[in-house]
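Open the model in your viewer and keep the selection box handy. We will walk through a few places together, one selection at a time.

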Amino acid sequence: MAGAGFLVGEGVLVTCAHVVTAAGCGPGDRLRLAFPHAPGAPQVQGQVLAEAWRAPEGQDVAVVRLEEVPDGVWALALGSAAGCQGHRVRSFGFPAQAPPGGHFGYGVAGDLLLSGVGAGTVLQLTDANDLTTGFSGGPVADEVTGLVIGMVTAITAPDAYLKGLGIAYVTPTQVLREVWPELVEQEVCPYRGLEPFTGEHAGWFHGRDAAIERVLAGLAEHRQALLLGPSGSGKSSLIQAGVLPALAASALPGSDQWLPVIARPGQNLWAELERAGLPGAGTDGIVAAAMRRLAAEPTYQRMLLVIDQFEELLTQPDSGPQPPDGPQDALEQITAAISSHTALSVILVMRDDFYPRLAALAPDLLDAAAPGLLNVPVTLSPQDLTAIITRPAHTAGAHFEEGLPERIITDLQAGDHTGPTTQRTPVTLLPPLELALSQLWERRRDGYLTHQAYHDIGEVTGSLATWCNTALDQLPPAQRPTAQRILTALVRPADDTHLIPAVRQQLPLTTLRDLATDTPSGQLASQRVDKVIATLTHHRIITTHTEHTTGQPDTIPGQPVAELIHDALIRDWTELRHWVTQDHQFHDWLRRAGEQRARWAEHENPDDLLHGTDLAEGLGWSTQRSLPRDVAAFLTASRQRQQAAIRRTRRLNAFLASALVVAVVVAGLFFWQRQTAITAQQVAKSRQLAAQSTALISTDPDLASLLAIQAYRTSHTTEATTSLYAAIGLPLQHRLTGHKGPVWSVAFSPDGRTLATGSADGMARLWDVATGQSRATLTGDNGPVRSLAFSPDGRTLATGSQDHTARLWDVATGQSRATLTGHNDAVWSVAFSPDGRILATGSTDTMARLWDVATGQPGATLTGHTNTVWSVAFSPDGRTLATGSTDRTARLWDVAAGSTRATLTGHNGPVASVAFSPDGRTLATGSADGTARLWDVAAGSTRATLIGHSGLVWSVAFSPDGGTLATGGYDHTTRLWDVALPGQTKAIKMICQAIHRDLTSQERSLYLSGQSSSPVCPS
């Protein structure tokens, strides 16, 4: 062998130029390289890159591009030779005296030297007697850091006095990076902290392939997509850095000719669309503006309109007059755009906690967008996280210390409470993860992200709070109240009455300065506020920008605005949550006053001025807080009108005092006004209780149910009725636990007294429905029990298994009666016909089969699904078979003809289970999207969606009376649901029976202060 070499990048190897020359090659030539330690000791071809050649008499470097990289061979991590003096080092080479596979050589790092004209810098090694001919081109690794700090270049010969033994020279990695710039670690941070990835960051966006494919599949099937996900789930990044680049790369046929237009509603959607390159959308309509833009740019065949953070359009109350170009008009225009049959596709990106608000405010838009509804996957796999963590750093030329990515993933999984067997991480942990990775990047050493730095930043869970609090600690104590006022002003407070969660908001800097100052406005006060804004901006807690029209950089810019960098701050930063709670009352009043001021400014109607409680509250705040100038002027105008009204009232009272008859009329009027006020107060309290019930339903369902009852009793408002039915929709208090794996199937016995469950633990269990206790355990399947079904007489249980078979069991003895074979893959579902003579099975082989139970022979084969048939069920009359498939559809089949009657679509994931109600009018389906659905069989439409499981819903089954639905989930639980909506009186009785308690004294004081002390749920 002529010498050694080592990989420094994907398919890139470095060695000495004199080694290449010794092999009879030069720049531009092809040469053969052997990898004796790779599996099979392969030999591959490579080309010496002429542009990177440095002659032996100079820097002596050659770069070789390999035609292929052998398995088991990877690039070595490069560090720096600077600062390694005195460190032990080692190399590997192929000297003549070594075994055929080479051996190690050792030495001690010395100083960096200038080796002469044109040769550049070299690193001297001492005690390097092991390094002899054959080590040239080998890597030199620092045993302290584990990083490669250079390449063996030369070994000295001893002089006449045998001095100079053990000295070698190394080309340091600094020189290698100069020769081949791709080795230079990029200074730009490949992580985004709390900022979204955009198209320019697509090369750093990894680990979201499944989510990208889900959106692309949706766009391939529909012209619109309503993308829902929790705050912090990376929705904006997914679209801008994942989906749009994929479309530009022709991920869908012709999508490279789609023109993307991205806008965010902000304060004014029409102005944002204008800036995004869609002028005239507000006056002529979105569709007309889009077609005009496409006509002007004929290279594009379709426009893709993306409205990001769509929830910003839903934060305006739906009461009161709406301006002609306001949010309601925008919602109608978007509905028209989605419904139009033009070359226009629309993606709406929205926080999922605004879904009820969208349904209430724009039901027509929701109906139009519903076919394209998509949910961001709520969890990330270890493989996803590994890509998110490691690939951006590798792309930028850096590396992680061994075990650090696994440590970070373990910390993330510690916050996942869905169960240890899933090993999935909530997607909402992406913001603190990206923030921690950004901080790790800033603290990297010698191209490595280290365990020590990870400890120093407080790990993932403490990184966000540490980062924010560090910024605040840099402010003088006198400026911290200013920072508090700035941060709380950038949070739009929750509006419980209209079910609007807290969300960040943009504010003009002029308004922010007014709100943040604690002194009369002036240049000095403004400068103090600007210093705090600068500090918060420097630490990326807030961001400021001035918007320009897209494609028109020379236009006059709009006013500068500020906003929080991410909604995750509202959710995860304890101090900010505390401050927002403290300032909630002020900012809630400020929001209402701002909305009313906008109406008054537009029409100058005196009735739009503040009055009553709002005016009194505002006058009180004006003595404690600085107000925006426009709101302060509005408050002054409102007070002047009040004073004028008081003067008029005094004159009127003087006149009325002289007329008794008029006084009687006034008394009657007063009584009517009082009754009206009482009614209005009851309506407001009912709505408040309903909103509080809705907010608590996922965290404290019992308390939420009690508040829903009290809301309905206080006043029969729409909100109260909605919260009451939401409470009655909660699962009853029976959770059947005992399986050691996911519950994949459930089935009621014909008499409704027994429930069978099948699990991934290979067992089937029989349960007493009334008590929730296990009656028996059936064992014998050679794999997970995918499906269960009772025969009509209840004596036989059928199971479908991973071992490609279906089995018939004697329920009384627990013994297997027969094994049905014929499928070519796992049997996912089994179902008896109503007369018990036919068994239907569904399999991964994409087919459903009908079997003669008496003979065990297969009958008809039903084909049509394009993927695994996960579930089968007969209608009560036995004439129809329902099937659910991984292709996200359910199908209704004519059993006699073997043909499809109808296809039901709507789930956003595989349909795992199907079941008919006893009357045959309703079909229940359970899906991998985490929901169960109730379908009207005749109409083929969804009746209701049941939400509550924390994972995949593997199975569904009705009780014999049709009033209860059982669902089995990947969260190891079985849930029982009341699927019939009772009257309100019965609903109250059922809720009280289910929760077995009343409000505590503390809860009554908190929620029902001043109201009747009678129990909500009498004992």
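Throughout this tour, contact means heavy atoms within 4.5 Å. Keep in mind that the model is a predicted one.

**Stop one: Leu-839.** Select Leu-839, which lies in strand S35 (residues 838-843). Is Leu-839 buried or exposed? Its relative accessibility is 0%, and buried means under 20%, so Leu-839 counts as buried. Now show what surrounds it: leaving out residues up to four places away in sequence, Leu-839 touches Ala-798, Ala-806, Leu-808, Leu-820, Val-830, Ala-831, Phe-832, Arg-849, Leu-850, Trp-851 and Val-853. Pick Leu-850 from that set and draw a line between C-alpha atoms: Leu-839 and Leu-850 are 11 residues apart along the chain, and these atoms are separated by 5.7 Å.

**Stop two: the largest nonpolar core.** Which residues touch the most other members of this core? Select Ile-486, Ile-541 and Leu-569, which do so among its 47 residues. Then colour helix H20 (residues 574-603), which gives the most to this core, with seven residues. Zoom in on Leu-569: beyond its neighbours within four places in sequence, it contacts Leu-194, Leu-464, Cys-468, Ile-541, Leu-564 and Leu-576. For a second, separate core, of 39 residues, select members including Ala-276, Leu-278, Ala-330 and Leu-358.

**Stop three: two helices.** Keep H20 coloured and add helix H16 (residues 480-489); the two pack at an angle of about 75°, with their axes 9 Å apart. Angles of 65 to 115 degrees count as roughly perpendicular, and H16 and H20 are therefore roughly perpendicular to each other. To see where they meet, show Gln-484, Leu-487, Thr-488 and Ala-489 in H16, together with Leu-576, Trp-579, Val-580, Gln-582, Asp-583 and His-587 in H20.

**Stop four: a charge over a ring.** Select Phe-586 and Arg-625. The charged end of Arg-625 sits over the ring of Phe-586, 4.3 Å from the ring centre.

**Stop five: aromatic rings.** The model holds eight aromatic pairs. Select Phe-92 and Phe-104, an edge-to-face pair with 4.9 Å centre to centre and 85° between the planes. This pair links distant parts of the chain, as Phe-92 is in strand S6 (residues 88-93) and Phe-104 is in strand S7 (residues 103-114), 12 residues apart. Phe-92 has 19% relative accessibility and so counts as buried, whereas Phe-104, at 41%, counts as partly exposed. Finally, add Phe-94 and Tyr-106 to the selection: with Phe-92 and Phe-104 they form one aromatic cluster.

Definitions and conventions
Residues are numbered from 1 along each chain as its sequence is written. This is a predicted model: local features need pLDDT of at least 70, side-chain atom pairs count only at pLDDT 80 or more; totals for chains, interfaces and linings use all residues. Side-chain values use heavy atoms; hydrogens and water are left out. Rings of Phe, Tyr and Trp (its six-membered ring) pair if their centres lie within 6.5 Å; planes under 30 degrees apart count as stacked, over 60 as edge-to-face and the rest as tilted. Helices (H or I, at least four residues) and strands (E, at least two) are DSSP runs, numbered from the N terminus. Buried means under 20% relative accessible area, exposed over 50%, partly exposed in between (1.4 Å probe, protein chains only). A charge sits over a ring if NZ of Lys or CZ of Arg is within 6 Å of the ring centre and within 35 degrees of the ring normal. A nonpolar core is a set of buried Ala, Val, Leu, Ile, Met, Phe, Trp, Tyr and Cys residues joined through side-chain atoms within 4.5 Å. Axes are lines fitted to C-alpha atoms, for helices over the stretch in contact, and angles run from 0 to 180 degrees between N-to-C directions. Angles under 35 degrees count as roughly parallel, over 145 as roughly antiparallel, 65 to 115 as roughly perpendicular and the rest as oblique.
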